[in-house]
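The following paragraphs offer a guided reading of one protein chain. The reader is invited to keep the sequence and the structure in view throughout.

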Amino acid sequence: MNNIKVLWVDDEIDLLKPHILFLENRNYQVTTAQSGTEALVEIQKETFDIVFLDENMPGLSGLETLAEIKEQQANLPVVMITKSEEEYIMEEAIGSKIADYLIKPVNPNQILLSLKKNLDHTRLVSQKTTSNYQQEFRKISMEMSTINDASGWAELYQKLVYWELELEDIADGSMFEILESQKLEANTQFCKFIEKNYESWFQGDEDTPIMSHTLFKEKIAPILDDNPTLLVVVDNLRYDQWKAFEPMLSNSYKKVDEELFYSILPTATQYARNAIFSGLMPSEMERLFPAYWLNDTDEGGKNLYEEDFLKAQLKRLGKDLNWSYHKISSLKQGKRLSESFKTHKNENLTVIVYNFVDMLSHAKTEMEVIKELASNDKSYRSLTKSWFKNSPLMEIIQQAAHLGFRLVITTDHGTINVKNPSKVIGDKNTSLNLRYKTGRSLSYEEKDVLAFKDPKAIKLPSINMSSSFIFAKSDLFFAYPNNYNHYVSYYRNSYQHGGVSLEEMIIPFSILNPK
């Protein structure tokens, strides 16, 4: 039984009797009104799902009636029906947020289509999306068992994120659960791939992808010779978060190139972001710039010399540019740069490191209210999107478009919602990160980690002669046996980075030109 209630408003309603019978035979409940005034009375008496409204009526016109309806019930869908095709009427109606616009004479199937489009849209989209994902599920499952190169994993991760965004609003929660289990399986297979191939990427393997330390030289430096470029590095930005707020840039920018690249291990700021700006791996930074590099257990800030690293890299690449570097880690700093951004209009390169998403992930661990607001990946994406829409960064990007800046957006690494603990034991000099550890005499569950006994093999520095690195796989996090239960309950379902997962390692890089 269809319980949809329709209000049809037309001063010649008697002529529409066949249309009304057509709908009633399909179990729609139709109430009629012959004027705008009568319609407003009906709306106060009864709750309707949709209104069909004639534009040309004596007394209150259709547009006037529409304004009154929207004032009383802003979310009630109204379909405007008119004899006129005059542009100003269409613009007025669309500006008043009508649900649809039909030109007389209308036939019954047009009316039915409009009803389905406006009232059944969510259900129909859900059914179609679910059906499409079911077809794709088997294909993705087969692919993940045969992928043997970095670009293949990047493509598969793109597909998983696409379906995650498609499925997040459908009513059938079981489909989303299936996708979650498929992501978990993909991460298991991805960790095996990294375990097998990561070391070879530093030995001249022809399948080596673009990584943190090669990104600037390979992708950014070649485009710095013509238009001014705004390079934005949003700390801790996952690919799915980027895809969530990317549409908000469409009024100012058009995408020229988008690809995914690989964060180095550890997928942590002091390693990955320093690698982007220096164009070097951590062991090379330690050797060539001992005054700038600090190991995990050293006192002091670990990312204090990004501007110096970039200066050295630009010199090495022969780029004599007018450029500036800005690190934003508070609303006040963001607003200050937004207010003064026009002063950078003659620069070849303006670099902004924006720390909000990283702060958000740490706040989720430490603050109950953020835990509630970002309880899963969907809400975490939503929070990031809301931040970006209202941030000084959005204002800066809009100004950059107006000034003719090319926009490059990227990140240093992603992050993953950790679910399961893995016990680890180390001495007092072991690093503190939950997704990787470096130190001597580490004791751990071998199946849970990717271990490198010789850090130099993956171009990482050694704190001492016998130091090794271990990286947590998939959604695991490291926990010490001391005070184990408290530690686990505190960090479970928090967003962490440093380890091996699709979400942390495969990250976005986009080039956009101003419209």
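The model shown here is predicted. A convenient place to begin is a contact between a charge and a ring: Arg26 lies over the face of Phe22, at 3.8 Å from the ring centre. A second arrangement of this kind involves Lys423, whose charged end sits over the ring of Tyr484, 4.7 Å from the centre of that ring.

Aromatic rings also pair with one another. A pair of aromatic rings is described by the distance of the centres and the angle of the planes. The count for this chain comes to 34 aromatic pairs. One of them joins Tyr162 and Trp163, with 5.1 Å from centre to centre and 80 degrees between the planes, an edge-to-face pair. The two partners may be described by their accessibility as well. Tyr162 counts as partly exposed because its relative accessibility is 44%, whereas Trp163 is buried, with a relative accessible area of 8%. Another pair, formed by Tyr487 and Tyr491, is tilted, with the centres 4.9 Å apart and 55 degrees between the planes. These tyrosines are four residues apart in helix H19 (residues 484–491), so about one helical turn separates Tyr487 from Tyr491. Both Tyr487 and Tyr491 are buried.

From these local features the description may pass to the chain as a whole. The chain contains 20 helices and 19 strands, and its C-alpha trace spans about 90 × 50 × 40 Å along the principal axes. Of its 515 residues, 54% count as buried. Among the contacts in the chain with a separation of 6 or more, 74% are between residues 24 or more positions apart.

Helix H18 (residues 392–402) gives an example of a mostly covered element, with eight of its eleven residues buried. Among the buried residues of H18 are Pro392, Leu393, Met394 and Gln399. Just after H18 comes Gly404, which takes a positive phi of about 85 degrees.

Positive phi values also occur in residues other than glycine. Ser441, which is not a glycine, has a positive phi of about 50 degrees. Ser441 is found in the loop between strand E13 (436–439) and strand E14 (443–444), and with a relative accessible area of 65% Ser441 is exposed. For Asn493, phi is near 65 degrees, again a positive value in a residue other than glycine. The loop between H19 and strand E18 (494–496) holds Asn493, which is partly exposed, with a relative accessible area of 30%.

The backbone also includes cis peptide bonds. One joins Lys104 and Pro105, with omega about -5 degrees; Pro105 is in the loop between strand E5 (100–103) and helix H5 (108–119). Another runs from Leu265 to Pro266, with omega near -5 degrees, and Pro266 has its place in the loop between strand E7 (253–262) and helix H11 (269–278).

The last feature is a pocket. Rolling a probe the size of a water molecule over the atoms shows where empty space is left. About 310 Å³ of space lies in the second largest pocket. Its lining comprises 16 residues, of which Glu180, Lys183, Asp377, Asn417 and Lys419 are the closest to its centre. Helix H8 (173–197), helix H17 (377–389) and strand E11 (416–418) each give two or more residues to this lining; H8 supplies the largest share, five residues. By character, the lining of the second largest pocket divides into three nonpolar, four polar and nine charged residues.

Technical notes: Residues are numbered from 1 along each chain as its sequence is written. This is a predicted model: local features need pLDDT of at least 70, side-chain atom pairs count only at pLDDT 80 or more; totals for chains, interfaces and linings use all residues. Side-chain values use heavy atoms; hydrogens and water are left out. Rings of Phe, Tyr and Trp (its six-membered ring) pair if their centres lie within 6.5 Å; planes under 30 degrees apart count as stacked, over 60 as edge-to-face and the rest as tilted. Buried means under 20% relative accessible area, exposed over 50%, partly exposed in between (1.4 Å probe, protein chains only). A charge sits over a ring if NZ of Lys or CZ of Arg is within 6 Å of the ring centre and within 35 degrees of the ring normal. On a 1 Å grid over the protein atoms alone, a cavity is a set of points where a 1.4 Å probe fits but cannot get out, and a pocket is an open set with protein on both sides within 12 Å along at least five of seven lines; lining residues have an atom within 4 Å of a point. Grid points are joined across faces, edges and corners, and a volume is the space filled by probe spheres set on the points. Ala, Val, Leu, Ile, Met, Phe, Trp, Tyr, Cys and Pro count as nonpolar, Asp, Glu, Lys and Arg as charged, and the others, Gly among them, as polar. Contact means heavy atoms within 4.5 Å.
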